[in-house]
Amino acid sequence: MDDKTRGHSRWLPQDVPPEGQRAALHRLAAAIRRINAAMMETEAPQDEIESATEAAERFAERLEAGPRHRALWGFAESSNAGDTRAFFDNSPIFGLANPTAPPLAVTMDGARAIATVSFGVAYEGPPGHVHGGWVAASFDEVLGMVQSASGNPGMTGTLTVKYRRPTPLYREVRFEGQLDRVDGRKIFTTGTLWDGETLCAEAEAVFISVDFERMRAMAEGAAGGER
């Protein structure tokens with residue numbers, strides 16, 4: 001592993017086992033995902049739904065009444081992250097502490113990434129299939145990770161997605177991404193989305209290298225700012 005890709009080994013989930021508050025947030029987010037999925041498909045009678053609503057409202061009020069300015073562990077997207085898996089806990093795509101995330105499970109092999117996920121009904125667009133916006137967002141995050149192998153990563157400049165086949169719900173699908181080349185501040189990446197051997201979508205993205213001291217300042221400001 002060369003210097004440009006060495007940092008990725010510290011980004012993988014197994015390298016930073018969650019504990020304490022972080023582990024509790026992972027568990028809570030997973031429970032909320034289950035609630036989201038169950039709510040989308042429930043045929044419970046009105047009284048049960050109203051009872052669940054009252055319990056959910058009490059829980060929301062409990063969280064709102066507690067401390068609200070938890071320090072950020074890092075950025076919420078891979079393209080402008082730094083060094084540890086904790087940077088992705090809040091990601092809407094990878095984040096194990098973000099209940100809106102599917103979440104994708106990603107591994108790195110040098111300047112290539114493979115991410116697997118099974119999208120549930122909460123991500124539906126066409127009947128029985130994944131909303132194209134979630135496909136695009138997932139490509140953005142996967143390619144954001146591989147472009148960091150350039151050694152001077154940046155943020156998304158352009159993202160082009162070609163949809164070849166509808167992406168099914170409830171089946172494990174696979175995103176693959178790779179770093180293609182670097183031209184000055186521009187970092188070129190490509191990716192594919194597969195349902196088994198069926199190609200569902202292709203993507204090309206260009207990232208623009210940025211000054212990460214500015215990104216760190218933005219993160220610090222977000223962590224200390226008022227809501």
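Is R171 buried, partly exposed or exposed? I will start from that residue, because R171, with a relative accessible area of 46%, comes out as partly exposed, and its partner in a salt bridge leads us into the strands. Please keep in mind throughout that what you have in front of you is a predicted model.

The side chain of R171 meets that of D195 in a salt bridge, with 3.0 Å from N to O. D195 lies in strand 5 and R171 in the loop between strand 3 and strand 4, so this pair ties together parts of the chain that are 24 residues apart in sequence. Unlike R171, D195 is buried, because its relative accessible area is 12%, and the cut-off for buried is under 20%.

Staying with the loop between strand 3 and strand 4, I would point to Y170, which is found there too. The phi angle of Y170 is near 65°, which is a positive value in a residue other than glycine. Y170 is partly exposed, with 48% as its relative accessible area.

Let me step back to the overall layout. The secondary structure of the protein comes to 5 helices and 6 strands, and, reading from the N terminus, the order of the elements is α-α-α-β-β-α-β-β-β-β-α. Of the 227 residues in the protein, 35% are buried.

Now to the strands, and to strand 6 in particular, which covers residues 198-209. Which strands pair with strand 6 in an antiparallel way? One of them is strand 3, residues 154-163, which is joined to strand 6 by 9 bridges, and within this pairing M155 stands opposite I208 of strand 6. Another is strand 5, residues 186-195, which also runs antiparallel to strand 6 and is joined to it by 10 bridges; here L193 stands opposite A201 of strand 6. Strand 5 and strand 6 form a hairpin with 2 residues between them, and G196, in the turn, has a positive phi of about 65°.

Strand 6 also takes part in a salt bridge of its own, since E202 and R164 meet through their side chains at 2.7 Å, N to O. This pair links distant parts of the chain, with R164 in the loop between strand 3 and strand 4, E202 in strand 6, and their positions 38 residues apart in sequence. Both ends are partly exposed, R164 with a relative accessible area of 41% and E202 with 27%.

That brings me to the salt bridges as a group. Side chains of opposite charge can pair when their charged atoms come close. In this protein the count comes to 5 salt bridges, and among them is the one between R22 and D89, whose side chains meet at 2.5 Å, N to O. R22 lies in helix 2 and D89 in the loop between helix 3 and strand 1, so that pair ties together parts 67 residues apart in sequence. Are R22 and D89 buried or exposed? Both R22 and D89 are buried. There is also a network of salt bridges, in which R112, R174 and E176 are linked.

Helix 2, residues 20-41, gives us another contact between separated parts of the chain, this time through A37, which is found in that helix. The C-alpha atoms of A37 and A122 are separated by 6.0 Å, although these residues are 85 apart along the chain. A37 itself counts as partly exposed, because its relative accessibility is 31%.

In the loop between helix 3 and strand 1, where we have already placed D89, there is a feature of the backbone that deserves care. P103 is found in this loop, and the peptide bond from P102 to P103 is cis, with omega near -15°.

Finally, the surface charge. Which residues form a negative surface patch? The patch is made by D47, E48, E50, E54, E57, E61 and E64. One of these, E48, is found in helix 3, residues 46-65, and E48 counts as partly exposed, because its relative accessibility is 49%, with the cut-off for exposed set at over 50%.

To close, I would return to the loop between strand 3 and strand 4, as R171 of that loop pairs with D195 in strand 5, while R164 of that loop pairs with E202 in strand 6; strand 5 and strand 6 are themselves joined by 10 bridges.

Note on methods
Residues numbered from 1 in each chain as written. Predicted model: local features only at pLDDT ≥ 70, side-chain atom pairs only at ≥ 80, totals over all residues. Heavy atoms only, no water. Patch = residues over 30% accessible without salt bridge, like charges linked within 9 Å, V, L, I, M, F, W, Y side chains within 5 Å. Areas by Shrake-Rupley, 256 points an atom, 1.4 Å probe, with all protein chains shown as cover. Salt bridge = Lys/Arg side-chain N within 4 Å of Asp/Glu carboxyl O. Lys, Arg positive; Asp, Glu negative; His and termini not counted. Charge placed at Lys NZ, Arg CZ, Asp CG, Glu CD. Helix = DSSP H or I, 4+ residues; strand = E, 2+ residues; numbered from the N terminus. Buried < 20%, exposed > 50% of the residue type's maximum accessible area, 1.4 Å probe, protein only. Pairing = 2+ DSSP bridges.
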